[in-house]
Amino acid sequence: EVPDAGSATAAAMLRLREIAGVTADALTLGIGDGGNEVGMGKVVHTAGVADLAPPGADFVALSENGCHRTCDHLVLSTVSNWGGAAFEMS
């Protein structure tokens with residue numbers, strides 16, 4: 001969930017970005033494999049995707065467990081580490 005722009009959480013996030021030297025126009029990248037990684041909100045909001053879940057009682061739909069924070073660019077892979085390695089090599 002995105003914090004309210006005037007909340008203490010939003011203020012803290014902006015301060016951390018400032019400390020790290022991240023500019024307001026910086027692009028963001030998400031690398032994910034299962035839906036709960038930061039950036040997966042880019043697809044979890046897509047029609048039909050939010051209801052997806054692997055079979056079995058131990059899993060819930062992305063709408064319940066998925067990350068809703070989006071990003072500018074998203075790399076999807078079967079294993080996040082492989083996606084990160086592919087991005088690094090590109």
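**Figure 1. Glu37 in the loop between β1 and α2.** Glu37 is found in the loop that links β1 to α2 (41-44) in this predicted model. With a relative accessibility of 17%, Glu37 counts as buried, because the cut-off for that class is under 20%. The side chain of Glu37 reaches back to the backbone nitrogen of Asp33, at 3.3 Å. Not counting residues up to four places away in sequence, Glu37 touches Ile31 and Gly32, which belong to strand β1. Its other contacts on that count are with Cys67 and Ser80.

**Figure 2. Strands β1 and β2.** β1 covers residues 29-32, and β2 covers residues 73-76. The two strands run parallel and are joined by four bridges. Gly32 of β1 stands opposite Leu76 of β2. In a regular strand, side chains alternate between the two faces of the sheet. In β1, Gly30 and Gly32 make up the covered face, whereas Leu29 and Ile31 make up the uncovered one. Residues from both faces recur in the other views: Glu37 touches Ile31 as well as Gly32, and Cys71 touches Leu29 as well as Gly30.

**Figure 3. Ser77 in the loop between β2 and α4.** Ser77 is found in the loop that runs from β2 (73-76) to α4 (80-89). The side chain of Ser77 has two polar partners in the backbone shown here. One is the oxygen of Val79, at 2.7 Å. The other is the nitrogen of Gly83, which lies 3.5 Å from a polar side-chain atom of Ser77. Gly83 is also in contact with Ser77 when neighbours within four places in sequence are left aside, as are Gly32 and Asp33. Gly32 and Asp33 link this view to that of Glu37: Glu37 touches Gly32, and the side chain of Glu37 reaches the backbone nitrogen of Asp33.

**Figure 4. Cys71 in the loop between α3 and β2.** Cys71 is placed in the loop between α3 and β2. Its relative accessibility is 7%, so Cys71 counts as buried. Leaving out residues up to four places away in sequence, Cys71 touches Thr28, Leu29 and Gly30. On the same basis, Cys71 also touches Gly39 and Lys42. Ala20 precedes Cys71 by 51 residues along the chain, and the C-alpha atoms of the pair are separated by 18 Å.

**Figure 5. Ala47 in the loop between α2 and α3.** Ala47 is placed in the loop that leads from α2 to α3 (62-65). Ala47 is exposed, because its relative accessible area is 74% and the class begins over 50%. Val60 is 13 residues from Ala47 along the chain, and their C-alpha atoms are separated by 17 Å.

**Figure 6. The whole chain, for orientation.** The secondary structure comes to four helices and two strands, in the order α-β-α-α-β-α from the N terminus. The C-alpha trace spans about 40 × 35 × 20 Å along its principal axes. The protein has 90 residues, of which 21% count as buried; Glu37 and Cys71 are among them. Of the contacts between residues at least 6 apart in sequence, 66% join residues at least 24 apart. The exposed area is about 6,500 Å², and carbon and sulfur atoms supply 60% of it. There are 4 positive and 11 negative side chains, and the centres of the two sets lie 11 Å apart.

Terms used: Residues numbered from 1 in each chain as written. Predicted model: local features only at pLDDT ≥ 70, side-chain atom pairs only at ≥ 80, totals over all residues. Heavy atoms only, no water. Polar contact = N/O pair within 3.5 Å; in protein donor to acceptor, adjacent residues only side chain to side chain. Contact = heavy atoms within 4.5 Å. Buried < 20%, exposed > 50% of the residue type's maximum accessible area, 1.4 Å probe, protein only. Pairing = 2+ DSSP bridges. Areas by Shrake-Rupley, 256 points an atom, 1.4 Å probe, with all protein chains shown as cover. Lys, Arg positive; Asp, Glu negative; His and termini not counted. Charge placed at Lys NZ, Arg CZ, Asp CG, Glu CD.
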